[in-house]
Amino acid sequence: MVKKKSSAAGSPEKKKTRPDWDSYFLDIVGLVSKRSTCCRRSVGAGLVRDTRILATGYNGAPSNLQHCLDIGCLREQLNVPSGERHELCRGLHAEQNAIIQAALHGVSTKGSTLYCTNHPCVICAKMIINAGVTRIIIRDGYHDKLAADMLREAGIKVEQFENMKVQKS
């Protein structure tokens, strides 16, 4: 009699499915976004090279400063629409924090892929270009035509991940 292989739990072994790398890293930055201290939007980002995480970041106030969750949002108080007047915000964007964390710890971002829950804004796009990022994978869009145009001009591929498939833009 031939016995079926059993898993550690004792049930018959089923073929285990593993997420592809893009799904895996997008799931991780989704978890990172839960650390956000922004009242408006929770964003997570991660820089990856050769399937290794270099740095992560989420949106929120700089280290050792009060968080918007605790003191309120200046942009909300002034009725500033999303995507406008970025200078009127205490927080850093997730992409900025990931790049800063890499720099703080002496990790090169050249040739890396940025995984992010949202499309970068124009300010982050400029930083991403100069940080040497070569590819961006996002979960959700964010309307910033100038950011998209600059990333395209710089030759950085932006791919939106939808329903377990990557849509190239």
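In these legends, a helix axis is a line fitted to C-alpha atoms over the stretch in contact, and an angle between two axes runs from 0 to 180 degrees between N-to-C directions. The model shown is a predicted one.

**Figure 1. The whole protein, with its six helices and six strands.** Welcome to the overview, which sets the scene for the close-ups. Following the chain, the elements come in the order α-β-β-α-α-α-β-α-β-α-β-β. Of the 169 residues in the protein, 37% are buried. Among contacts with a separation of 6 or more, 53% join residues 24 or more positions apart. The exposed surface amounts to about 10800 Å², and 52% of it comes from carbon and sulfur atoms.

**Figure 2. Helices H5 and H6, side by side.** In this view, the axes of H5 and H6 are 8 Å apart and the packing angle is about 15 degrees. Angles under 35 degrees count as roughly parallel, so H5 and H6 belong in that class. The crossing in which H5 passes H6 is right-handed. On the H5 side, the contact is formed by Val122, Ala125, Lys126, Ile128 and Ile129. Their partners on H6 are Leu146, Ala147, Met150 and Leu151.

**Figure 3. Helices H4 and H5, and the place of Gln96.** Here H5 appears again, now with H4. The two axes come within 9 Å, and they cross at roughly 25 degrees. H4 and H5 are therefore roughly parallel to each other as well. This time the crossing is left-handed, with H4 passing H5. From H4, the residues Glu95, Gln96 and Ile99 meet Ile123, Cys124, Met127 and Ile128 of H5. Have a closer look at Gln96, which sits in H4, the helix spanning residues 94–104. Is Gln96 buried or exposed? Its relative accessibility is 10%, so Gln96 counts as buried. Setting aside residues up to four places away in sequence, Gln96 touches Ile123, Cys124 and Met127.

**Figure 4. The largest nonpolar core, with 25 residues.** Which residues have the most contacts inside this core? They are Leu47, Leu114, Ile128, Val133, Ile136 and Leu151. Several elements each supply at least two residues of the core: strands E1 (44–49), E2 (52–58), E3 (113–118) and E4 (135–140), together with helices H4, H5 (122–130) and H6 (145–153). A second core of seven residues lies apart from this one, and it includes Leu26, Val48, Ile137 and Phe161. As a general point, nonpolar side chains in soluble globular proteins tend to be buried together.

**Figure 5. The surroundings of Leu47.** This close-up stays with one residue of the largest core. Not counting residues up to four places away in sequence, Leu47 touches a long list of others, including Arg52, Ile53, Leu54 and Ala55. Its contacts also take in Ala98, Ile99 and Ala102. Thr109, Ser112, Thr113, Leu114 and Val133 are on the list too.

**Figure 6. Thr117 in strand E3.** With a relative accessibility of 9%, Thr117 counts as buried. Beyond its neighbours within four places in sequence, Thr117 is in contact with Val29, Gly30, Ser33, Ser42, Val43 and Gly44. Arg139 and Asp140 are in contact with Thr117 too. How many residues apart in sequence are Thr117 and Phe161? The answer is 44, while their C-alpha atoms are 9.6 Å apart in space. Phe161 will be familiar as one of the residues of the seven-residue core.

**Figure 7. Asn64 and Asn79, two loop residues with positive phi.** Neither needs to be a glycine to earn a look here. Asn64 has a phi of about 70 degrees, and this residue lies in the loop between E2 and helix H2 (68–71). At 83% relative accessibility, over the 50% limit for exposed residues, Asn64 counts as exposed. For Asn79, phi is near 55 degrees. The loop that holds Asn79 runs between helix H3 (74–77) and H4. Asn79 also counts as exposed, at 66% relative accessibility.

**Figure 8. Asn130 in helix H5.** Our last stop returns to H5. Is Asn130 buried or exposed? Its relative accessibility is 72%, so Asn130 counts as exposed. Thr109 is shown with Asn130: the two are 21 residues apart in sequence, and 9.7 Å separates their C-alpha atoms. Thr109 also appeared in Figure 5, where it is one of the residues that Leu47 touches.

Notes. Residues numbered from 1 in each chain as written. Predicted model: local features only at pLDDT ≥ 70, side-chain atom pairs only at ≥ 80, totals over all residues. Heavy atoms only, no water. Helix = DSSP H or I, 4+ residues; strand = E, 2+ residues; numbered from the N terminus. Buried < 20%, exposed > 50% of the residue type's maximum accessible area, 1.4 Å probe, protein only. Contact = heavy atoms within 4.5 Å. Areas by Shrake-Rupley, 256 points an atom, 1.4 Å probe, with all protein chains shown as cover. Core = buried A, V, L, I, M, F, W, Y, C linked by side-chain atoms within 4.5 Å. Parallel < 35°, antiparallel > 145°, perpendicular 65-115°, else oblique. Left-handed = near helix turned anticlockwise from the far one by under 90°.
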